[in-house]
Amino acid sequence: MDTRPSPSPPPARPRRSLLPLAASRATARTAAALLAASALLVSGCGASGTGSDGTVGAALAALPMSTPSALSPYYTQKLSWRECGGPGFECATMKVPLDYDRPASGDIKLAVARKKATGKGKPLGSLLVNPGGPGGSAIAYLQQYAGIGYPAEIRARYDMVAVDPRGVARSEPVECLDGRQMDAFTEVDMTPDDAKETDALAGADRKFAEACGEHSAKLLRHVSTVEAARDMDVLRELLGDKKLNYVGASYGTLLGATYAGLFPHRTGRLVLDGAMDPSLDARQVNLDQTAGFETAFRAFSADCVKRADCPLDGKDATPAQVGDRMQKFFRALDAHPIPTGDADGRRLTESLATIGVVAAMYDQSTWEQLREALNSAMDKNDGAGLLALSDSYYERDSRGHYSNLMMANAAVNCLDLPPAFESPEQVEQALPQFEKASPVFGPNLAWSALNCTYWPVRATGEPHRIEAKGAAPIVVVGTTRDPATPYRWAQSLSRQLSSAHLLTYEGDGHTAYGRGSACIDSAINTYLLRGTPPAPGKRCT
């Protein structure tokens, strides 16, 4: 069995804590975002219970097994496939209701892509994939990785399928700022030192939110995770599958778990890799991620000081000393940004440098690139390397164009959960907690969590549990030193889901499938091909 797909998959993004994002994602190497839905979520809630963070949350209840007659036109439409995106790939467009509570109020068009199974053996139907975000393009992920890089046995037996969720990429994208405005937004000081800088930061968040409200007013109320999960059920029916088979990474795990909670009777083989915990509120998510990035930075530091090209002190330096050096570097950039050689004249600010470092924490394969970038910035006054890492995180191309990742990320996150903070004063009060969780990244990530405070649409979701009673076995994958989706989130989700099997990867990086562990890959491939989940308590390296 081919257990090591090639090329390596790009890191997934979870719900975002950094700036108004992400996870996030299909081609970038980076970070983060969040959860559920409006009246749909409220009406889908059942008995209350206590979440993993001690909060009381309702359990997401299954929708009726029968399809409402008002939704019949969507479930009976025909997909018209056409060639696209390379040899063997096809694309189509499907319609879903803007508002599932009021189907007659209008439609949304969603972009769908697939690569049909061509190998021998009994066909297993469709395998839907989602790389995370929210805001990552599933179609780009399919065409650039999953459709060509998943194990040959998987691609031989499954039609590989992706749909860009509502508001994302090719599916009527959320729109907010243009490229020049996004450049200005990403350069705003995320560690304000005084009232003037605090006002500037809050003003940038407010301007971003107002732009989203101006350009995507109608859509912003209907990009929740619950609605996206319901869209997947329409697609399942149109593909002719009785049950949904699915691999979701990072935020994609929340999307998949939500589907299982709403449609447990239609849940097939689900892999949730880099799991999120729906029982947490936004502030706790951000705090947990802050601690996760500190864990990843310490792992990077321990590796870095062993190498001759490490710019962060010598081989006997402790992680704390390395962290101190990094903080001094950030403070120097805060006072004096450095040149990058960028065609648009951008300089490396503290905010851009911090995002560049964070981006490299998602995957240890980028640690060498980070060392080179830090050496250039610290020793040669050249910020080009860190700016490139930051641009990859934000999905900014060389022409100054941004994908809509950040816009969609904020739109989903800010609808799914109430904001982490209601004012800059609340952020200031929480700073000690965040600084304790991560001396290196804490202040930046705390202020980044202000992004939903000024959102033009009120949050309609809330922390909740997902049980999916009656669903087939579900595989939840957690990585012990995952920076963006901490391992305890996978533990919590696996306890919530009634049929979950927790698969543990003892290692670094965000998500585990297809990243070099033959043990992980074999366990997941066996489950997808045979329906046999890993043994209870299975751990891999």
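Arginine 298 is partly exposed, with a relative accessible area of 38%. Here, buried means under 20% relative accessible area, exposed means over 50%, and partly exposed lies in between (1.4 Å probe, protein chains only). Glutamate 294, at 8% relative accessibility, is buried. The two residues form a salt bridge, with their closest N and O atoms 3.3 Å apart. A salt bridge is defined as a side-chain nitrogen of Lys or Arg within 4 Å of a carboxyl oxygen of Asp or Glu. Arginine 298 and glutamate 294 are 4 residues apart in helix H10, so about one helical turn separates them. Helices (H or I, at least four residues) and strands (E, at least two) are DSSP runs, numbered from the N terminus.

The model is predicted; local features need pLDDT of at least 70, side-chain atom pairs count only at pLDDT 80 or more, and totals for chains, interfaces and linings use all residues. Residues are numbered from 1 along each chain as its sequence is written, and side-chain values use heavy atoms, leaving out hydrogens and water.

The structure holds 22 salt bridges. Side chains of opposite charge can pair when their charged atoms come close. One such pair is glutamate 90 and arginine 114, whose side chains meet at 2.7 Å, N to O. Glutamate 90 lies in strand S4 and arginine 114 in strand S5, so the salt bridge ties together parts that are 24 residues apart in sequence. Arginine 114 is buried, at 14% relative accessible area. Another salt bridge joins the side chains of arginine 488 and aspartate 288 (2.6 Å, N to O). Arginine 488 belongs to helix H18 and aspartate 288 to helix H10, so this pair links parts that are 200 residues apart in sequence. Arginine 488 is partly exposed, at 33% relative accessibility. Aspartate 288 is buried, at 9%.

An open sheet is formed by 10 strands, in the order S3-S4-S5-S7-S6-S8-S9-S11-S12-S13, with mixed pairing. Two strands pair if DSSP finds at least two bridges between them. Strand S3 (82-83) and strand S13 (539-540) stand at the edges; each has a single partner strand, so one side of each lacks a neighbour in the sheet.

Strand S4 (residues 89-97) and strand S5 (residues 107-115) run antiparallel and are joined by 9 bridges. Proline 97 has aspartate 107 in S5 as its bridge partner. Strand S5 also runs antiparallel to strand S7 (residues 159-163), with 4 bridges between them. There, alanine 113 is the bridge partner of alanine 162 in S7. Strand S8 (residues 244-249) and strand S9 (residues 267-273) run parallel, joined by 5 bridges. Glycine 248 stands opposite leucine 272 in S9. Helix H18 (residues 487-496) lies across S9, strand S11 (474-481), strand S12 (500-508) and S13. The helix runs at about 155° to S11. Axes are lines fitted to C-alpha atoms, for helices over the stretch in contact (heavy atoms within 4.5 Å). Angles run from 0 to 180 degrees between N-to-C directions.

The largest nonpolar core has 133 residues. A nonpolar core is a set of buried Ala, Val, Leu, Ile, Met, Phe, Trp, Tyr and Cys residues joined through side-chain atoms within 4.5 Å. Phe208, Met361, Leu374, Leu386 and Trp455 touch the most other members. Helix H10 (residues 282-304) supplies the largest share of this core, 9 residues. Another core, of 33 residues, lies apart from it. Among its members are Cys91, Leu127, Tyr141 and Tyr158.
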